[in-house]
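Let's take a walk through this protein, starting with the overall build and then stopping at a few spots worth a closer look. Keep the viewer open as you read.

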Amino acid sequence: MNHSRKLLKKMLAVATSSSLILAGGSTVFAAGSYQDTEKAALDKISSDIAASWGDYLKDYQKAQTGSTADITLTVEDTGRALLGALAGGSDFSWLQNVSLNSDVTIKDGIESMASALLLNDSQLCNLNIYMDLASLAEYIQIPEISEGYIKAPMTVSDDSDISAETFSTYFNMLSDMSSVLPDSDTLSTLISRYGNLVIDNLTEGSSTEETVSVEGISEDCTAYEGQITANNATDMAEQILTTARDDEEIKSLFDSWTEAGVGSKDQYTEFQTTVDDLIAELSGDSDDTENTDDGSVIYSRVWVNGEDKIIGREFGMGDGVNEQPIFTWKAPSDADNSALLLEFQADDSSITFTGSGVSSEGLLTGDYVFAVDGTETVDIHVDDLETKPEKAGYYNGKFTVTVPESATEDSTDSEEASASNPLAGFSAEITLKCDAATETSALDLTLITSGAPIATLSITGGYGDGTDTPDLSSVSPAYNAEDDAEMAEYLKSVNLDTLAANATAAGVPEELVSQIKDIFESAITSASEPQENAATDDSSAAETEGTSETDVAA
């Protein structure tokens with residue numbers, strides 16, 4: 001009995017994850033049953049994913065050739081005042097912004113990143129990073145302080161269960177994901193094949209007329225339900241595993257991984273062996289007399305409105321008497337008004353996101369609440385969010401996130417409320433600014449306290465020309481980060497004069513620059529002479545020992 005419930009819970013977890021993809025409002029063309037409804041939705045999502053997947057792979061290849069990433073932190077007056085207070089009254093009036101602008105290229109198993117670090121829009125230094133994913137080595141250079149490179153191994157810790165070979169395979173795979181990802185046709189075929197296997201094993205449940213209502217916005221719908229018992233779940237799992245064992249599309253994926261060098265020739269055989277073991281385990285469980293069906297079912301419910309569009313989904317567990325929803329999504333609309341409910345429940349806990357808004361000319365404005373166990377945790381105001389962007393992923397809009405005051409039960413005083421929730425006076429504004437024509441995306445995150453901005457983090461990305469990659473086998477000098485003697489030599493080559501001059505030119509007070517430079521130079525001098533210090537200590541020890549022996553002899 002316990003095994004049956006465990007199997008159902010595992011399947012429910014898979015169903016819930018899948019629902020996050022299928023939760024979009026699919027048109028189902030007057031489907032008259034649960035299975036017809038789900039199959040129509042599956043066909044739609046399969047074709048949509050296949051179309052967008054092809055675009056994703058093209059964009060990924062373009063990003064491999066060259067991409068840009070600019071990150072800027074702009075500090076406002078309130079932010080400078082807070083920094084000054086934290087630093088004992090120091091003056092930060094000179095600090096305006098800090099930026100890191102990077103060009104990235106991934107080619108032939110090497111990820112190259114050429115970055116520029118700027119202060120107040122004035123360049124401080126360059127930062128060149130090269131990751132050789134084949135030899136698992138990382139090369140780091142800051143030309144303004146040293147022409148040398150620090151060579152650091154990219155290895156797992158001694159306590160890790162991951163082998164060096166697996167670690168290397170993983171990074172090589174990351175260097176070109178297109179070599180391991182399925183093409184559009186394969187992905188569409190797999191989604192359709194295994195989605196239909198799941199749907200075919202669901203038993204038709206009740207069909208009722210219901211009203212879906214969220215935040216006062218309602219739609220009359222037909223609710224269709226499908227169910228699966230523990231015994232049905234075992235049969236379905238066996239069908240899926242049996243189909244997957246000799247699936248030509250799955251085999252083609254293993255073949256492509258082997259060809260790309262991220263998988264072994266024996267990997268597909270190992271996959272089939274694992275599947276055989278799972279099938280044998282399921283067969284043994286189904287023969288176990290203790291695993292009788294206890295009446296538990298997974299139910300899947302969809303709500304279809306008068307326009308044959310799915311506007312709600314729910315997955316849960318039941319026993320024929322009581323139901324326990326696990327995942328619920330509802331999105332009714334009325335003309336330009338729309339509402340949304342997303343909820344996850346487990347035992348006595350819940351996470352809920354709900355709210356409503358108004359759309360005008362494809363832009364959504366509304367207010368939403370994120371709650372945990374029924375307690376309002378975060379408020380989100382959405383302003384002019386594109387509901388159907390020109391290109392997938394290129395959204396424009398603004399979100400204002402605030403933390404509500406949490407007053408005590410005995411008092412509603414605002415000061416006591418703020419004291420009980422120190423974040424109540426803070427908010428964050430997130431602005432999305434994307435341009436599908438130039439293929440650039442930007443995000444601004446502004447932290448605000450009591451209406452005054454503290455700082456803004458701006459991130460802008462897009463495609464670019466990339467950067468050149470040197471022959472890493474011949475870069476010189478390269479100092480091994482794991483060798484103390486070599487790192488001591490690297491530190492001796494460091495010169496902070498150019499960096500200090502650039503900092504002064506960027507507006508940092510000369511006295512502060514001098515103080516920071518002295519601190520770093522003192523630390524570098526101390527760290528760059530470990531061998532000499534060790535030799536001096538050994539010599540002193542030897543002299544002391546010799547003196548002691550002479551005293552004893554005397």
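What follows goes from the whole chain to its cores, its aromatic residues and a few backbone details.

First, a word on what you have in front of you: this is a predicted model. The secondary structure comes to 13 helices and 21 strands. Of the 554 residues in the protein, 37% are buried. The exposed surface is about 30,200 Å², and carbon and sulfur atoms supply 52% of that area. How much of the contact map joins residues at least 24 apart? If you take the contacts between residues at least 6 apart in sequence, the share is 53%.

Now for the inside. In soluble globular proteins, nonpolar side chains tend to be buried together. Here the largest nonpolar core has 14 residues, and the members that touch the most others are Tyr34, Tyr224, Ile228 and Ile310. Elements giving two or more residues to this core include helices α2 (34-65) and α6 (230-245), along with strands β8 (217-229) and β10 (310-318). Strand β9 gives the most, with 3 residues. Apart from this core lies another one, made of 10 residues, among them Leu95, Leu119, Val508 and Val513.

On to the aromatic residues. The model has 10 aromatic pairs. One of them is Phe254 with Phe271, a tilted pair with 5.1 Å from centre to centre and 35 degrees between the planes. Phe254 belongs to helix α7 (residues 248-260) and Phe271 to helix α8 (residues 267-287), so the pair links parts of the chain 17 residues apart. Are these two rings buried or exposed? Phe254 is buried, at 10% relative accessible area, while Phe271 is partly exposed, at 22%. Zoom out a little and you'll see one aromatic cluster formed by Phe254, Trp257, Tyr268 and Phe271. Tyr268 also has a charged partner: Lys251 lies over its face, 5.8 Å from the ring centre. A similar arrangement turns up with Lys62, whose charged end sits over the ring of Tyr463, 4.9 Å from the centre.

Next, look at Pro182, in the loop between α4 (164-175) and α5 (184-200). Despite its place in a loop, Pro182 is buried, with a relative accessible area of 15%. Which residues does Pro182 touch, leaving aside its neighbours within four places in sequence? They are Trp53, Leu57, Leu187 and Leu253. Trp53 is 129 residues away from Pro182 in sequence, yet their C-alpha atoms are 9.3 Å apart in space.

If you're wondering about cysteines, the disulfide count is 0. Cys125 is buried, at 8% relative accessible area, and Cys434 is buried too, at 17%.

Finally, some backbone details. Ser476 and Pro477 are joined by a cis peptide bond, with omega about -5 degrees. Pro477 is in the loop between β20 (452-463) and β21 (478-480). Asp308 isn't a glycine, but its phi is positive, near 60 degrees; you'll find Asp308 in the loop between β9 and β10, where it counts as partly exposed at 26% relative accessibility. Ala335 also has a positive phi, about 60 degrees, without being a glycine. Ala335 sits in the loop between β12 (333-334) and β13 (337-346), and at 74% relative accessibility it counts as exposed.

Definitions and conventions. Residues numbered from 1 in each chain as written. Predicted model: local features only at pLDDT ≥ 70, side-chain atom pairs only at ≥ 80, totals over all residues. Heavy atoms only, no water. Helix = DSSP H or I, 4+ residues; strand = E, 2+ residues; numbered from the N terminus. Buried < 20%, exposed > 50% of the residue type's maximum accessible area, 1.4 Å probe, protein only. Contact = heavy atoms within 4.5 Å. Areas by Shrake-Rupley, 256 points an atom, 1.4 Å probe, with all protein chains shown as cover. Phe/Tyr/Trp six-rings, centres within 6.5 Å; stacked < 30°, edge-to-face > 60°. Lys NZ or Arg CZ within 6 Å of the ring centre and 35° of its normal. Disulfide = S-S within 2.5 Å. Core = buried A, V, L, I, M, F, W, Y, C linked by side-chain atoms within 4.5 Å.
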